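Colleague: I would like to go through this structure with you, one feature at a time. Could we begin with a local backbone detail and then work outwards?

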Amino acid sequence: MELLSGGDILIRALSDAKVKHLWGYPGGAALHIYDAIFRQDNLSHILMRHEQAAVHAADAYSRATGEVGAALVTSGPGATNAITGIATAYMDSIPLVVISAQVPQEKIGEDAFQEIDMIGISRPTVKHSYMVKRPEDIAETIAKAFYIASTGRPGPVVVDIPKDVTDPNNKVAYKYPEKVKLRSYQPTTRGHSGQIKRAVNLLMSAKRPVIYSGGGVVLGNASEQLRALARRLNYPVTNTLMGLGAFPGTDRQFVGMLGMHGTFEANTAMHHADVILAVGARFDDRVTNATDRFCPSAKIIHIDIDPSSIAKTVRADIPIVGPCDVVLSDMLDQIQQGDLQTDESAIGEWWQQIDEWRARHGIYTASRYEPSTGDNIKPQDVIKTLHKVTKGEAYVSSDVGQHQMFAAQYYLFDKPRQWLNSGGLGTMGFGLPAAMGAQMAHPDATVVCVTGEGSIQMCIQELAACTQHQLPVKIIILNNQALGMVKQWQDMQYGSRYSHVLYEDSLPDFVKLAEAYGHVGMKVTRYDELESRMEECFAMKDRVVIMDISVDHHEHVYPMHVAPGSMRDMWLSKTERT
Amino acid sequence: MKRLISVLLENEPGSLSRVVGLFSQRGYNIDSLSVAPTEDKTLSRLTLTTVGDDHKIEQITKQLNKLIDVVKVIDLSEGAHIERELMLLKVKAGGAARAEIKRCVDIFRGQIVDVGPTVYVVQIMGESAKLDAFIEALGDAVILEVVRTGVCGLMRGEKSLKI
């Protein structure tokens, strides 16, 4: 049997786990591993400029492909820098394996140089973690890490490897396990058939149903099954922020995103629903508003792979634990085989009601903002123009804030995995490295980072990594010269006292900044130039382009839930309330 | 309501910290905790007492089950079960108090496991409430130290928590 060092075993095992790209940053404790990387060409390493960005990129690579992302960081500060990235992936259930180097075992506990207890510090942000103590254990641990990360409810797994374990002078036999089995971890593979039957009966009897679909449908590759079921039933579908694209944004049955900044029609329909089919969604506080006033007349069917997501914040009448794709197709099979029929006249009336809500206050059918004029560009119009110019086909990443909500509301995502954003943790700085991850996964696709002048500065150093690795992402800055979402809350709840949301003329010149990194910078201040400049931007296929677009400083994101309240309690504009 | 939760856990480094961490991370209380390896050295058995309504306990058991190192979880308080806790107590035992403490220990079916000229070390075993009652019953006696193991428990009858 072939003898290899721990460093070589690690890289070989990552290749055997089908890793093509490893995002990382070297350092002392990781030197043996980096030497092993140098001496092989099975997987490519992408040198980033900060460990947080390395993990975000690996995370977004996974979001855009469904494969497990992989990142490598050194001990100490490398490990702590990675934490924000790991926590981001954890909150959004993204399958990820993060390798952190550790000081040699003999030094552990001595406060050695660049020592940090990575297993301890990462514990609340991981699905699981391992410290590897012998080179003989590396391959099996990597196999387990990938198995755990990618099955059940996915999530990040940390593998911490002390430097002595990768010692080039200590060679042991290499064998990658063909199968992984853990007696303490057996994810559910099917839904309970009795529960599914009950759910189907309830669903068919509904008079005012809503299908509420979340990130689990994207992660569980259940979009096709969701579409088939929704079409068969002709029921309205709403997606969470994490679920956008699972059901086509341009479909007639789509009533928009729900929640804090959801559409009037989605939130109002939820409130009045008699049956809610929640699938791969977790009744997050940004969706439900006050849980004691949540959808008072609804019976709730809740499908989720993770039992702890069911009845956590909102009681479920029919809980079904299982993978979304399998459960949805079982439901559809029962409906087809039994030739079951919905209450068509009630559903017809329900649609009439929804269409009336749509026409009255919808964000697509009615206008929720004053249109752009001259040098006053509305952020919403930027996203609409982006959708038009990219034909709705781009991979869109975002950071966190108003721009994120505008992108979620106005870029109508038709496909799952097209929309990459930090929904759970809400991590500013995610957008640019996420776009890089998606671009690496889909080299020929158009990849856009929709960001703000605040968020982009949180991982802006990655502009250099874009150059080095030829990742021609496009960066659209909705520049309102303020931390817009915080400012919006200060407007609404703090008497417009703008505490630390303004930059006092300290904003960089983004055009020059782009040029300093060898990229193209564009500044747009007039609405009549917006579309043509954007066409120009996206025509530069092989260049990174930053479009710094000056948008209206005063714009707020609407609708917005009135809190605490029910789903239907919303601000529709600065002056108008439901 | 007080609940007794029993967990079968992989006997791996760090697995206890994952359980304890889960409780602090999600804002659950641990009133007592006892843990040790079982007859199968690869497994540990952990028993903890906590307080919460049904909804909270349901979440706790679900979240515990979600930990990769957790093999099985059961809420012992749901059914007939036996619970025991051991307490060692060092108490001043001089003069008139000496005989009175001895009587008290006998009533509680405890044992005096160490005797000094002025102190006793007393061992009491039973349900937590009995241990509390013993402390109460000591009245004016001067307690120097108390150490309790935390509760451990088993289901009555033939059902058992096994792989």
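Colleague: What phi does Asn234(A) take, just after α9(A)?

Modeller: Asn234(A), which directly follows α9(A), takes a positive phi of about 60 degrees; helices here are DSSP runs of H or I with at least four residues, and strands are runs of E with at least two, numbered from the N terminus. This is a predicted model, in which local features need pLDDT of at least 70 and side-chain atom pairs count only at pLDDT 80 or more, while totals for chains, interfaces and linings use all residues. Residues are numbered from 1 along each chain as its sequence is written, and chains are lettered from A and ligands numbered from 1 in the order in which they are written.

Colleague: Which residues of helix α9 of chain A are buried, and why do they lie on the same side of α9(A)?

Modeller: An α-helix has 3.6 residues a turn, so residues three or four places apart point the same way. In α9 (residues 223–233) of chain A, the buried residues are Ser223(A), Gln225(A), Leu226(A), Leu229(A), Ala230(A) and Leu233(A), where buried means that 20 or more other C-beta atoms, placed from the backbone, lie within 10 Å of the residue's own. They lie on the same side of α9(A) because they cover an arc of only 160 degrees around the axis, the arc being that of the directions from the helix axis to the C-beta atoms.

Colleague: Which elements do the buried residues of α9(A) pack against?

Modeller: They pack against β9 (209–213), α8 (215–219), β10 (237–239), β12 (275–279) and α12 (324–337) of chain A, with contact taken as C-beta atoms, placed from the backbone, within 7 Å.

Colleague: Which residues have the most contacts inside the largest nonpolar core?

Modeller: A nonpolar core is a set of buried Ala, Val, Leu, Ile, Met, Phe, Trp, Tyr and Cys residues joined through C-beta atoms within 7 Å. The largest has 204 residues, and those with the most contacts inside it are Leu10(A), Ala71(A), Val97(A), Ile276(A) and Ile476(A). Leaving aside neighbours within four places in sequence, Ile276(A) is in contact with residues including Val210(A), Tyr212(A) and Met270(A). Apart from that core lies another, of eleven residues, among them Val105(B) and Phe134(B).

Colleague: How many residues of chain B are in contact with chain A?

Modeller: There are 16 residues of chain B in contact with 13 residues of chain A. On the chain B side, α1 (15–25), α2 (54–66) and β4 (70–75) each give two or more residues, and the largest share, five residues, comes from α2(B).

Notes
Two residues are in contact if their C-beta atoms, placed from the backbone, lie within 7 Å. A residue is buried if 20 or more other C-beta atoms lie within 10 Å of its own, exposed if 12 or fewer, and partly exposed in between; C-beta atoms are placed from the backbone.
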